[in-house]
Amino acid sequence: MARLLTHHDPYHIHAILGLASLLHFLVRLVVLPLMGWRYDGWHSFVLIHVALSFTSFFFKIPRMRNDTYTIYREMQLHTIVFSLRSLFVYAWALTGGMGGAVMRLLLVLFCHYLADVVTAKWGTPTGGTTIRRFDGEKSVYATRPLRD
């Protein structure tokens, strides 16, 4: 736990939001189903996840992926884009927005476009992505054995 609480976040805002996000997942996936899947009033909790991704700017992270850090600029920005995607879809659904599913699809596609922009600007020059890392032409995942 001591490694999660650092001087970069002196008021532990990121840690508190991380814990709140985990609790929100627990409530959404365990508690609410036991209550009959009633989500009334719970939609605003998506703001916790959005705030968590933005508080990642408190920390100094490398621009490019390396073996020392688990997060880097491209991953950080992808996290923000995809948490905003959830916020946009929730907000549109809650306002009873016109177009329903079509507009939600357009919002999702726009966020995927933004993720591509992030990859184009902050991605690795070898062609790897946040999910797939490549060293030249060889996939790093192909060299690591799968766990039994």
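**Note on the predicted chain**

1. Of the 148 residues of the chain, 26% count as buried. The model under review is a predicted one. The surface exposed by the chain comes to about 10,600 Å², and 68% of this area is supplied by carbon and sulfur atoms.

2. As to secondary structure, the chain holds five helices and two strands. Along the sequence these elements follow the pattern α-α-α-α-β-β-α. Among the contacts with a separation of 6 or more, 60% are made by residues 24 or more positions apart.

3. Helix H3 covers residues 73–94, and its length can be checked against its geometry. At 1.5 Å a residue, its 22 residues should span 32 Å; the end C-alpha atoms are 32 Å apart, so the expected and the modelled span agree. After H3 comes Gly96, a residue with a positive phi near 65°.

4. Which residues of H3 are buried? They are Glu74, Gln76, Leu77, His78, Ile80, Val81 and Ser83. The cover over these buried residues includes helix H2 (46–54) and helix H4 (101–122).

5. Ser53 illustrates the contribution of H2, the helix in which this serine lies. Its relative accessibility is 5%, and Ser53 therefore counts as buried, the limit being under 20%. Once neighbours within four places in sequence are left aside, Ser53 is in contact with Thr79, Ile80 and Ser83. With Ser83, the contact includes a polar one of 2.9 Å between the two side chains. Ser83 is itself listed among the buried residues of H3.

6. The loop between H2 and H3 contains Ser56. Is Ser56 buried or exposed? Ser56 is buried, because its relative accessible area is 10%, where under 20% is required. Not counting residues up to four places away in sequence, Ser56 touches His14 and Gln76. The side chains of Ser56 and Gln76 are joined by a polar contact of 2.9 Å, and Gln76 is one of the buried residues of H3.

7. Phe57 lies in the loop between H2 and H3. With a relative accessible area of 43%, Phe57 is partly exposed, because this value falls between the limits of 20% and 50%. Residues up to four places away in sequence being excluded, Phe57 touches Arg73, Gln76, Leu77 and Ile80. Of these partners, Gln76, Leu77 and Ile80 appear in the list of buried H3 residues. The C-alpha atom of Phe57 is separated by 9.7 Å from that of His8, although the two residues are 49 residues apart along the chain.

8. A further pairing across the sequence concerns Ser44 and Leu94. Ser44 is found in the loop between helix H1 (13–34) and H2, whereas Leu94 lies in helix H3. How far apart are their C-alpha atoms? The separation is 9.7 Å, for residues that are 50 residues apart along the chain. Ser44 counts as partly exposed, at 45% relative accessibility. Leu94 is exposed, because its relative accessible area is 56% and the threshold is over 50%.

9. The backbone at His12 merits a comment. His12 is not a glycine, yet its phi is positive, at about 60°. The residue is placed in the segment before H1. His12 counts as partly exposed, since its relative accessibility is 30%.

10. Aromatic rings are considered last. A pair of such rings is described by the distance of the centres and the angle of the planes. How many aromatic pairs are counted here? The count comes to zero, with ring centres required to lie within 6.5 Å. A charge placed over a ring is nevertheless present: the charged end of Lys121 sits over the ring of Trp122, at 5.3 Å from the centre of that ring.

Notes:
Residues are numbered from 1 along each chain as its sequence is written. This is a predicted model: local features need pLDDT of at least 70, side-chain atom pairs count only at pLDDT 80 or more; totals for chains, interfaces and linings use all residues. Side-chain values use heavy atoms; hydrogens and water are left out. Helices (H or I, at least four residues) and strands (E, at least two) are DSSP runs, numbered from the N terminus. The expected span of a helix is 1.5 Å times one less than its number of residues. Buried means under 20% relative accessible area, exposed over 50%, partly exposed in between (1.4 Å probe, protein chains only). Contact means heavy atoms within 4.5 Å. Accessible areas come from the Shrake-Rupley method with a 1.4 Å probe; for residues, only the protein chains shown count as cover. A polar contact is a pair of N or O atoms within 3.5 Å; within protein, one must be able to donate a hydrogen and the other to accept it, and residues adjacent in sequence count only if both atoms are side-chain atoms. Rings of Phe, Tyr and Trp (its six-membered ring) pair if their centres lie within 6.5 Å; planes under 30 degrees apart count as stacked, over 60 as edge-to-face and the rest as tilted. A charge sits over a ring if NZ of Lys or CZ of Arg is within 6 Å of the ring centre and within 35 degrees of the ring normal.
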